[in-house]
Amino acid sequence: MDQDSAHMVAASKVPMLKPGEFEIWRMRIEQYIQMIDYALWEVIENGNTAPKTTVVEGVEKVMPPTTAEEKAQKRLEVKARSTLMMGIPNEHQLKFNSIKDAKLLMEAIEKRFGRNAATKKTQRNLLKQQYENFTAPSSEMLDQTFDRLQKLVSQLELLGETISQEDVNQKLLRSLSPEWNTHVVVWRNKTDLDTMSMDDLYNNLKVYEPEVKGMSSSSSSTQNMAFVSSSNNNNSSTNSTAQVVNTANGVSAANTQVNAANIDNLSDAVICAFLAS
């Protein structure tokens, strides 16, 4: 598959811009375009080489590319711009379609969907309040709590709000429901809590979740043991019964043999008495 075909296949998975999530989209679209071809992102960041122009009857016109280098640069420009356009929602396509320069297109998208200073400040204050009031209900699993807190921290960081590692870890521990108290006390006093990543803290706590949430398999194991024991008892009973039956059959067979011998002896005596007479 050549580079153009690879670009067409990858373009079907372009990150879509959602209102209110420009910062996240810009980060994702940057990573996506760099993955396709780093030269495309350079065109978006730095702009394309100024095209050659000529004046015809007093009107300045852009000259079409003629050299191989100019044609290659033009292809990069078209690919970069088209990739950005594919990440814009349908209802906004007409608004940006007239912008043919990839760098200018990105600036226009940021102006339309990005937050200005006042909006960013308001959003940052709202997220900070959500962070301060962050708690986890008892019905929530640890991974759900972790995901919610991690998303909140990421949103704050995108808006320029820096939170220390220790503060994030303490927030996760403080947010857990009372059933976690025993383990929370232990982990809040760890000496390396200020350097431990939130992922590591989560993985350590995850070990205790079955115990905390009453998800241990002891009851099912007990039931299984009871079933096995019952089965063994039943087998023992069956075996015992079989032994009794076999014994009874043996006794019966022995009696039959004795009776048969007696009958044979009686028959011999009768025959002898008959001959003597």
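Biologist: Which residues are linked here in a network of salt bridges?

Modeller: Arg124, Lys128 and Glu161 form that network. A salt bridge is a side-chain nitrogen of Lys or Arg within 4 Å of a carboxyl oxygen of Asp or Glu. This is a predicted model: local features need pLDDT of at least 70, side-chain atom pairs count only at pLDDT 80 or more, and totals for chains, interfaces and linings use all residues. Residues are numbered from 1 along each chain as its sequence is written, and side-chain values use heavy atoms, with hydrogens and water left out.

Biologist: How many salt bridges does the structure hold?

Modeller: Seven. One of them joins the side chains of Lys128 and Glu161, at 4.0 Å from N to O. Lys128 sits in helix α7 and Glu161 in the loop between α8 and α9, so this pair ties together parts 33 residues apart in sequence. Helices (H or I, at least four residues) and strands (E, at least two) are DSSP runs, numbered from the N terminus.

Biologist: Are Lys128 and Glu161 buried or exposed?

Modeller: Start with the scale. Buried means under 20% relative accessible area, exposed means over 50%, and partly exposed lies in between (1.4 Å probe, protein chains only). Lys128 has 35% relative accessibility, so Lys128 counts as partly exposed. Glu161, at 21%, is partly exposed too.

Biologist: Which residue forms a salt bridge with Arg148?

Modeller: Glu140 does, and the closest N and O atoms are 3.0 Å apart. Now apply the scale to each partner. Arg148 is partly exposed, with 34% relative accessibility. Glu140 has a relative accessible area of 14%, so Glu140 is buried.

Biologist: And what does Lys213 pair with?

Modeller: Lys213 forms a salt bridge with Glu179, with 2.7 Å between the closest N and O atoms. This pair links distant parts of the chain, 34 residues apart. Lys213 is in the loop between α12 (209-212) and α13 (218-276), while Glu179 is in the loop between α9 and α10. Glu179 counts as partly exposed, at 33% relative accessibility.

Biologist: Where is Ser177, and which residues is Ser177 in contact with?

Modeller: Ser177 also lies in the loop between α9 and α10. Contact means heavy atoms within 4.5 Å. Leave aside neighbours within four places in sequence, and Ser177 is in contact with Ala136, Pro137, Ser138 and Lys213. At 6% relative accessibility, Ser177 counts as buried.

Biologist: Next, helix α9. Which of its residues are buried?

Modeller: Helix α9 covers residues 165-175. Its buried residues are Val168, Asn169, Gln170, Lys171, Leu172, Leu173 and Ser175. They pack against four helices: α7 (117-132), α8 (142-158), α10 (181-188) and α11 (198-206).

Biologist: What about Glu166 in α9?

Modeller: Glu166 is partly exposed, with a relative accessible area of 38%. Glu166 touches Leu193 and Asp194, not counting residues up to four places away in sequence. Leu193 is 27 residues from Glu166 along the chain, yet their C-alpha atoms are separated by 5.8 Å.

Biologist: At what angle do helices α3 and α4 pack?

Modeller: First, the tool. Axes are lines fitted to C-alpha atoms, for helices over the stretch in contact, and angles run from 0 to 180 degrees between N-to-C directions. Helix α3 (residues 38-46) packs on helix α4 (residues 68-86) at about 80°, with the axes 9 Å apart. The two are therefore roughly perpendicular. Angles of 65 to 115 degrees earn that word; under 35 is roughly parallel, over 145 roughly antiparallel, and the rest oblique.

Biologist: Which residues meet there?

Modeller: From α3 come Ala39, Leu40, Val43 and Ile44. From α4 come Gln73, Leu76, Glu77, Lys79, Ala80 and Leu84. The contact divides into seven nonpolar, one polar and two charged residues. Ala, Val, Leu, Ile, Met, Phe, Trp, Tyr, Cys and Pro count as nonpolar, Asp, Glu, Lys and Arg as charged, and the others, Gly among them, as polar.

Biologist: Is Thr83 in α4 buried or exposed?

Modeller: Thr83 is buried, with a relative accessible area of 1%. Tyr32 is 51 residues away along the chain, with 9.7 Å between the two C-alpha atoms.

Biologist: How many helices and strands are in the chain?

Modeller: There are 13 helices and two strands. Of the 277 residues, 26% count as buried. Among contacts with a separation of 6 or more, 60% join residues 24 or more positions apart.
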